[in-house]
Amino acid sequence: MNKNNIEKDAPKYTSRLIVRLTPQLHKEVAEYAALCGLTTSAYARKRLEGKYPKQRLTDKEMEALNSLSDARGDIQKLFGFLKGRPLTERENILRSEIFMKRWRTSAEVILNRMIEIEKYLTQ
């Protein structure tokens, strides 16, 4: 979808609703809107529609997500490597002591990284 189609499909907000809020409530709404990456008006519209806008990921969370994605990619490469081999070759590879030591070392690195990410996110 290009930019012109998006603009044509976007609703036109022409009616106004004026709401009085306490300074504290206004501050809270503005903070929630900022957490979701929305303006206060856009946030209020979504809430009035009964929707719950999701918070954007923090930089810390994005870094952790990218690391997990990289680890997942490494695991998929390994499975892809094994899957592309004939059964007898796979059996020989998995019986190889050298391969299994490398596999264990690589798996430990990935698992340790996942533990670090979990600690990083829960701090």
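In the predicted model described here, Trp103 is partly exposed, its relative accessible area being 33%. The ring of Trp103 is paired with that of Phe79 in an edge-to-face arrangement, with 6.4 Å from centre to centre and 80 degrees between the planes. Because Phe79 belongs to helix 4 (residues 59–83) whereas Trp103 belongs to helix 6 (residues 97–122), this contact ties together parts that are 24 residues apart in sequence. The assignment as edge-to-face follows from the angle of 80 degrees, since planes over 60 degrees apart are placed in that class.

The two helices that carry this pair also pack against each other. Two packed helices are described by the angle between their axes and the distance between the axes. For helix 4 and helix 6 the angle is about 160 degrees, and the axes are 10 Å apart. Helix 4 is therefore roughly antiparallel to helix 6, the cut-off for that description being an angle over 145 degrees. The crossing in which helix 4 passes helix 6 is left-handed.

In total, the structure holds two aromatic pairs. Besides the pair of Phe79 and Trp103, there is one formed by Tyr32 and Tyr43, which is stacked, with 6.4 Å between the ring centres and 20 degrees between the planes. Tyr32 is located in helix 2 (residues 23–36) and Tyr43 in helix 3 (residues 40–48), so that the pair links parts of the chain lying 11 residues apart in sequence. The two partners fall into separate accessibility classes: Tyr32, at 42% relative accessibility, counts as partly exposed, whereas Tyr43, with a relative accessible area of 13%, is buried, because the latter value is under the 20% limit for burial. A further contact with an aromatic ring involves Arg45, whose charged end sits over the ring of Tyr13 at a distance of 3.9 Å from the ring centre.

The count of salt bridges comes to four, and three of them are described here, including two for which both partners lie in helix 6. Within that helix, Lys101 forms a salt bridge with Glu97, and the closest N and O atoms are 3.3 Å apart. Lys101 and Glu97 are four residues apart in helix 6, a spacing of about one turn of the helix. Both residues are assigned to the exposed class, Lys101 at 53% relative accessibility and Glu97 at 55%, because each of these values is over the 50% limit.

The other bridge within helix 6 joins Glu108 to Arg104, with the closest N and O atoms again 3.3 Å apart. Glu108 and Arg104 are likewise four residues apart in helix 6, and are thus separated by about one helical turn. Here, however, the accessibility classes of the partners are not alike: Glu108 is partly exposed, with a relative accessible area of 35%, while Arg104 counts as exposed at 56% relative accessibility. Elsewhere in the chain, Glu49 forms a salt bridge with Lys51, for which the closest N and O atoms are 3.4 Å apart. Glu49 counts as partly exposed at 48% relative accessibility, and Lys51 is placed in the partly exposed class at 45%.

Several separations between C-alpha atoms complete the description. Ile115, which is found in helix 6, is partly exposed, with a relative accessible area of 41%. The C-alpha atom of Ile115 is separated by 36 Å from that of Arg47, and these two residues are 68 residues apart along the chain. Glu116 also has its place in helix 6 and counts as partly exposed, at 44% relative accessibility. Between the C-alpha atoms of Glu116 and Thr40, which are 76 residues apart along the chain, the separation is 36 Å. For Cys36, in helix 2, the relative accessibility is 8%, so that this residue counts as buried. The C-alpha atoms of Cys36 and Leu57, with their positions 21 residues apart along the chain, are separated by 8.8 Å.

Technical notes:
Residues are numbered from 1 along each chain as its sequence is written. This is a predicted model: local features need pLDDT of at least 70, side-chain atom pairs count only at pLDDT 80 or more; totals for chains, interfaces and linings use all residues. Side-chain values use heavy atoms; hydrogens and water are left out. Rings of Phe, Tyr and Trp (its six-membered ring) pair if their centres lie within 6.5 Å; planes under 30 degrees apart count as stacked, over 60 as edge-to-face and the rest as tilted. Buried means under 20% relative accessible area, exposed over 50%, partly exposed in between (1.4 Å probe, protein chains only). A charge sits over a ring if NZ of Lys or CZ of Arg is within 6 Å of the ring centre and within 35 degrees of the ring normal. A salt bridge is a side-chain nitrogen of Lys or Arg within 4 Å of a carboxyl oxygen of Asp or Glu. Axes are lines fitted to C-alpha atoms, for helices over the stretch in contact, and angles run from 0 to 180 degrees between N-to-C directions. Angles under 35 degrees count as roughly parallel, over 145 as roughly antiparallel, 65 to 115 as roughly perpendicular and the rest as oblique. A crossing is left-handed if the near helix is turned anticlockwise from the far one by less than a right angle, and right-handed if clockwise.
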